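Okay, thanks everyone, I'll keep this short. Have a look at the model on the screen and I'll walk you through it.

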Amino acid sequence: MAPHPSPFPGRLILASGSRGRRWLMEQAGYPFEVKPSNIDEPTEARLGSCRHYVGELAWLKAAAVAPTVDDGLVIAADTVGWHNGKVIGKPEDVDDARRIIRALGGTVHELWTGVCLWLRPGDWQLCWQERSLVRMKALSDAELDAYLKTDKWVGNSGAYAIELPTDPFLTVEEGTVSNVIGLPMESLAKALAWAAEIRKG
């Protein structure tokens, strides 16, 4: 299938190694390159705000990649869960994944994504944050053991990657599914059109 035209006419550089973000960009039909930022991510939210946390990290990721791009648009994002005033990041190991899923099971938690677009040259930046509410079913011991064996928790904030078209354990009660996957494609399309207008001058 031929790529769809992007709302932005130049190079798109995804500053992320996330499989979910790559999949979303591919599903949209946008041609893009991948340049992971590889920055260290803090485990606590400064100022006690998840919106601030993901917004700052997305900007830092974009800032790490932008100097390596002469001409194009860098797209950076950061996604984390937020529960009881704490960042729910990527599990360190299977025991940490078990702890996270037990904590989230039977509850509704927030899932935040921060996005930063960085236009080169010119260094125009557009950053925003989006929230989704996700309900996780309380898993039985057998369900949890079976899930952990799939390794779907590896490298994913909240120790999960939502399954499409329906997930047996997760329900998005507010916000978009693309935001939960890691890149809010509906608002990204609008932001790419903004970047195209800036490029035209």
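One term before we start: when I say contact, I mean heavy atoms within 4.5 Å. With that in hand, residues 24 or more positions apart in sequence account for 69% of the protein's contacts, counting those with a separation of 6 or more. And please keep in mind that this is a predicted model.

So, what's in the fold? There are 6 helices and 7 strands. Going along the sequence, you read β-α-β-α-β-β-α-β-β-α-β-α-α. The radius of gyration is 17 Å, close to the 17 Å that the globule rule gives for 201 residues, so the protein is as compact as a globular protein of that length. Along the principal axes, the C-alpha trace spans about 55 × 40 × 25 Å.

Now inside and outside. Buried residues make up 46% of the 201. The protein exposes about 10,000 Å², and carbon and sulfur atoms supply 53% of that. On charge, we have 22 positive and 26 negative side chains, and the centres of those two sets lie 2 Å apart.

Let's go to the last helix, α6, which covers residues 185–200. Does its length add up, or what should we expect from 16 residues? At 1.5 Å a residue, α6 should span 22 Å, and its end C-alpha atoms are 23 Å apart, which agrees. Several of its residues are buried, including Met 185, Leu 188, Ala 191, Leu 192 and Ala 195. What covers the buried residues of α6? The cover includes strands β1 (12–14), β3 (72–83), β5 (107–120) and β6 (124–136), along with helices α1 (19–28) and α5 (177–181). After α6 comes Gly 201, with a positive phi near 80 degrees.

Since α5 came up, let me pick one residue from it: Val 180. Is Val 180 buried or exposed? The cut-off for buried is under 20% relative accessible area, and Val 180 comes in at 7%, so it counts as buried. Leaving out neighbours within four places in sequence, Val 180 is in contact with Thr 79, Leu 111, Ser 132, Val 134, Tyr 160, Ile 162 and Val 172. Val 180 also sits 9.2 Å from Gly 81, C-alpha to C-alpha, with their positions 99 residues apart in sequence.

Last bit: some backbone oddities. Most residues other than glycine have a negative phi, and most peptide bonds are trans. Here are some that go the other way.

Two cis bonds to show you. Arg 120 and Pro 121 are joined by a cis peptide bond, with omega at about -10 degrees, and Pro 121 is in the loop between β5 and β6. The bond from Leu 164 to Pro 165 is cis as well, with omega near 5 degrees, and Pro 165 lies in the loop between α4 (141–149) and β7 (170–174).

That loop between α4 and β7 also holds Ala 159, which has a positive phi of about 65 degrees although it is not a glycine. Ala 159 has 0% relative accessibility, so it counts as buried. Then there's Asn 84, in the loop between β3 and β4 (86–88), with a positive phi near 55 degrees. Asn 84 counts as exposed because its relative accessibility is 69%.

That's my tour, so over to you for questions.

Notes: Residues are numbered from 1 along each chain as its sequence is written. This is a predicted model: local features need pLDDT of at least 70, side-chain atom pairs count only at pLDDT 80 or more; totals for chains, interfaces and linings use all residues. Side-chain values use heavy atoms; hydrogens and water are left out. Helices (H or I, at least four residues) and strands (E, at least two) are DSSP runs, numbered from the N terminus. The radius of gyration is taken over C-alpha atoms; the globule rule is 2.2 Å times the number of residues to the power 0.38. Buried means under 20% relative accessible area, exposed over 50%, partly exposed in between (1.4 Å probe, protein chains only). Accessible areas come from the Shrake-Rupley method with a 1.4 Å probe; for residues, only the protein chains shown count as cover. Lys and Arg count as positive and Asp and Glu as negative; His and the chain ends are not counted. The place of a charge is taken as NZ of Lys, CZ of Arg, CG of Asp or CD of Glu. The expected span of a helix is 1.5 Å times one less than its number of residues.
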